[in-house]
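Open the model in your viewer and keep the selection panel handy. We will walk through it stop by stop, picking something to select each time.

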Amino acid sequence: MEVASATSADLLKAEQAMYGPFFGTLGVTSAMMFTAAGSAYGTAKSGTGIASMAVARPDLVMKAIIPVVMAGIVAIYGLVVSVIVSGKVAPGGPDYTVNQAFAQFAGGLVCGLCGLAAGYAIGIAGDAGVRALSQQPRIFVGMILMLIFAEVLGLYGMIVAMSYDLTTAEQPAYAPFFGYMGAASAQIFTVLGAAYGTAKSAVGICSMGVMRPELIMKSVIPVIMAGIIGIYGLVVAMVLKGKVTAASEGYTLNKGFAHLAAGLTCGLCGLGAGYAIGIVGDAGVRGTAQQPRLFVGMILILIFSEVLGLYGMIVALILGTS
């Protein structure tokens, strides 16, 4: 029995030494790689619009460069998380366990993919915004508001990533992995939906704003409603993260599966809601510019789209807290 126990302990240490640093370094890579990709897309897409606009309106170049600056900030979120996580990665042992590495991987993945979505939204909104700005300067304030809502999607990811306990050593077990992935899924997919809704609506707003600039502030409502979806994911991710504990403290596979299901429910419902808001918002603001009486109908449709994400959050909270 003693020999078997010693062998089991040796195998446990070997697995911990092997897999712990792998997931930890993967978290570092994910945070930097995906935020950099999102930042690159936002910079390139916005830069294309600026280059096109500058031919006719070179006087607006410095004002139009704001989307590029905001896209660059997204990469800084990933840099901060990567530096912090990389400082915590160590050879597997009593002070660095697989469970701790799972938390770092989940944190890096959340930060990275949220940054990727934010960069996408900034690129689409920035490109359409600067092109419209060259024809209608009054659209500038509306463009900035849309870019801010896109930027905070990346900030949500960094907040969730930093909230994970990246220093507490726990007994290695794979049950908490599912819990962390549930928390990550809730934030990642809702942010993807919010990014699409923001970007798609922003294109319609910028197109409409050229001819009807007085309707820009009223038409920004779809962007606001898309941004709220990201908050649903933030709430669920923080709740689930608080429920994940060490296996030695009674965290079972059953709890891990429940938390994974909760995160996926919230995330994918938010993704669907963001898609619906983007399509409705784009078509709605264009139609409102031609027929103002369409505004109330557009708001009703947006509300029915928004509650899809709310349904997901309610079910996720029930699953995650039961």
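Is Phe257 buried, partly exposed or exposed? Select Phe257 and switch on the surface: Phe257 is partly exposed, with a relative accessible area of 43%. Here buried means under 20% relative accessible area, exposed means over 50%, and partly exposed lies in between, with a 1.4 Å probe and protein chains only.

Before going on, a word about what is on your screen. This is a predicted model, in which local features need pLDDT of at least 70 and side-chain atom pairs count only at pLDDT 80 or more, while totals for chains, interfaces and linings use all residues. Residues are numbered from 1 along each chain as its sequence is written, and side-chain values use heavy atoms, with hydrogens and water left out.

**Stop 1: the whole chain**

Show the chain as a cartoon. You will find 10 helices and zero strands; helices are DSSP runs of H or I with at least four residues, strands are runs of E with at least two, and both are numbered from the N terminus. Of the 322 residues, 52% are buried. Contacts (heavy atoms within 4.5 Å) are dominated by distant partners: among those with a separation of 6 or more, 87% join residues 24 or more positions apart. Now turn on the surface for the chain. Its accessible area is about 13,400 Å², and 72% of that belongs to carbon and sulfur atoms; such areas come from the Shrake-Rupley method with a 1.4 Å probe, and for residues only the protein chains shown count as cover.

**Stop 2: the annotated segments**

An unreviewed UniProt entry lists residues 20-43, 64-85, 105-126, 138-157, 177-199, 220-240, 260-282 and 294-319 under "transmembrane region". The positions are in the numbering used here, feature names are shortened, and annotations may be inferred rather than shown by experiment. Select two of these spans in turn. Residues 138-157 are 90% helix and 0% strand, with end C-alpha atoms 32 Å apart. Residues 177-199 are 100% helix and 0% strand, and their end C-alpha atoms are also 32 Å apart.

**Stop 3: the aromatic cluster**

Go back to Phe257 and add Phe22, Phe23, Phe102, Phe105, Phe177 and Phe178: together these form one aromatic cluster. A pair of aromatic rings is described by the distance of the centres and the angle of the planes. Rings of Phe, Tyr and Trp (its six-membered ring) pair if their centres lie within 6.5 Å; planes under 30 degrees apart count as stacked, over 60 as edge-to-face and the rest as tilted.

The whole structure has nine aromatic pairs. In one of them, Phe22 and Phe23 have ring centres 5.2 Å apart and planes at 80 degrees, so this pair is edge-to-face. Phe22 is partly exposed at 45% relative accessibility, whereas Phe23 is buried at 18%. Next, zoom in on Phe178 and Phe257, another edge-to-face pair, with 5.0 Å from centre to centre and 75 degrees between the planes. Phe178 sits in helix 6 and Phe257 in helix 9, so the pair ties together parts 79 residues apart in sequence. Phe178 is partly exposed, at 22%.

**Stop 4: the salt bridges**

How many salt bridges does the structure hold? There are six, a salt bridge being a side-chain nitrogen of Lys or Arg within 4 Å of a carboxyl oxygen of Asp or Glu. Select Lys45 and Asp127, whose closest N and O atoms are 3.7 Å apart. This bridge links helix 1 (residues 2-54), home of Lys45, to helix 4 (residues 98-135), home of Asp127, across 82 residues. Lys45 is partly exposed at 29%, while Asp127 is buried at 10%.

Now add Arg131, which meets Asp127 in a salt bridge of 2.8 Å, N to O. Asp127 and Arg131 are four residues apart in helix 4, so about one helical turn separates them. Arg131 is partly exposed, at 31%.

For another bridge, select Asp282 and Lys200, with closest N and O atoms 3.7 Å apart. Asp282 is in helix 9 (residues 253-290) and Lys200 in helix 6 (residues 175-211), 82 residues apart. Asp282 is buried at 11%, and Lys200 is partly exposed at 29%. Back at the earlier group, shared partners join Lys45, Asp127 and Arg131 into one salt-bridge network.
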